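Open the structure in a viewer and keep the sequence beside it. The stops below each say what to select and what is found there.

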Amino acid sequence: MAIVLVPIKADKLKAWEGFIEELNGSRKADFADFNKRHKLTKHEAWLCETPAGPFVCAVHEGPGSADLIPNVAHSTNAFDKWFGSRLSEVHGMDMSKPPPGKMPERKLSWTA
């Protein structure tokens with residue numbers, strides 16, 4: 001499992017919401033194929049409103065979760081390129097580099 005927490009650029013919340021609408025709507029089949037190709041069994045994006053502005057918490061599960069971002073960065077698939085360009089637009093991410101700082105570290109887990 002991988003968790004990514006990234007800010008949404010100040011003027012890009014509407015663009016992010018449009019991106020999510022496309023993934024849930026007109027590009028839903030492409031998104032399902034994307035997740036299968038990248039060996040994900042779960043892919044969630046949570047909008048987190050914080051005093052520092054909006055953030056997205058993305059959760060990726062499955063055998064491909066650890067390598068998702070670098071794999072998308074180097075993909076020649078048209079959907080993957082579109083997906084990466086949208087992440088760059090709304091988050092300012094450089095898909096060719098690891099995100100700055102440490103990756104999230106689990107400190108507590110409880111399961112019934």
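The tour starts at a pocket, passes to aromatic rings and ends with single residues. Bear in mind throughout that this is a predicted model.

**Stop 1: the largest pocket**

Select L23, F31, H43, A45 and F83. Of the 22 residues that line the largest pocket, these five are the closest to its centre. The volume of this pocket is about 390 Å³. Now colour the chain by element. Two or more lining residues come from each of β1 (2-7), α1 (13-24), α2 (28-37), β2 (42-50), β3 (53-61), α3 (68-74) and α4 (78-91). Which element gives the largest share of the lining? It is α1, with five residues. By residue type, the lining of the largest pocket divides into 16 nonpolar, four polar and two charged residues.

**Stop 2: the aromatic rings**

Next, show the side chains of F19, F31, F34, F79, W82 and F83. Ring pairs link these residues into a cluster. In the whole structure, a search finds eight aromatic pairs. For one of them, zoom in on F34 and F83: the pair is tilted, with 4.6 Å from centre to centre and 35° between the planes. F34 belongs to helix α2 and F83 to helix α4, so the pair ties together parts that are 49 residues apart in sequence. Are F34 and F83 buried or exposed? Both are buried.

Stay with the cluster and add R27 to the selection. R27 lies over the face of W82, 3.9 Å from the ring centre.

**Stop 3: L47**

Move to strand β2 and select L47. L47 counts as partly exposed because its relative accessibility is 35%, which falls between the cut-offs of 20% and 50%. Show what surrounds the residue: beyond its neighbours within four places in sequence, L47 is in contact with I8, L13, W16, P54 and F55. For a distance, pick the C-alpha atoms of L47 and L23, which are 15 Å apart in space and 24 residues apart in sequence. L23 has already appeared at the pocket, among the residues closest to its centre.

**Stop 4: H91**

Go on to helix α4 and select H91. H91 has a relative accessibility of 11% and therefore counts as buried, the cut-off being under 20%. Leaving out neighbours within four places in sequence, the contacts of H91 are V6, P7, I8, K9, W16 and V56. I8 and W16 are also in contact with L47, the residue of the previous stop. Then add K12: H91 and K12 are 79 residues apart in sequence, yet their C-alpha atoms are 8.0 Å apart.

**Stop 5: two lysines**

Where is K39? Look in the loop between α2 and β2. Most residues other than glycine have a negative phi. K39 has a positive phi of about 60°, although it is not a glycine. K39 is exposed because its relative accessible area is 55%, and the cut-off for exposed is over 50%.

The last selection is K97, in the segment after α4. With 55% relative accessibility, K97 also counts as exposed. Add P70 and display the C-alpha atoms: K97 and P70 are 27 residues apart along the chain, and 7.7 Å separates these two atoms.

Technical notes. Residues are numbered from 1 along each chain as its sequence is written. This is a predicted model: local features need pLDDT of at least 70, side-chain atom pairs count only at pLDDT 80 or more; totals for chains, interfaces and linings use all residues. Side-chain values use heavy atoms; hydrogens and water are left out. On a 1 Å grid over the protein atoms alone, a cavity is a set of points where a 1.4 Å probe fits but cannot get out, and a pocket is an open set with protein on both sides within 12 Å along at least five of seven lines; lining residues have an atom within 4 Å of a point. Grid points are joined across faces, edges and corners, and a volume is the space filled by probe spheres set on the points. Helices (H or I, at least four residues) and strands (E, at least two) are DSSP runs, numbered from the N terminus. Ala, Val, Leu, Ile, Met, Phe, Trp, Tyr, Cys and Pro count as nonpolar, Asp, Glu, Lys and Arg as charged, and the others, Gly among them, as polar. Rings of Phe, Tyr and Trp (its six-membered ring) pair if their centres lie within 6.5 Å; planes under 30 degrees apart count as stacked, over 60 as edge-to-face and the rest as tilted. Buried means under 20% relative accessible area, exposed over 50%, partly exposed in between (1.4 Å probe, protein chains only). A charge sits over a ring if NZ of Lys or CZ of Arg is within 6 Å of the ring centre and within 35 degrees of the ring normal. Contact means heavy atoms within 4.5 Å.
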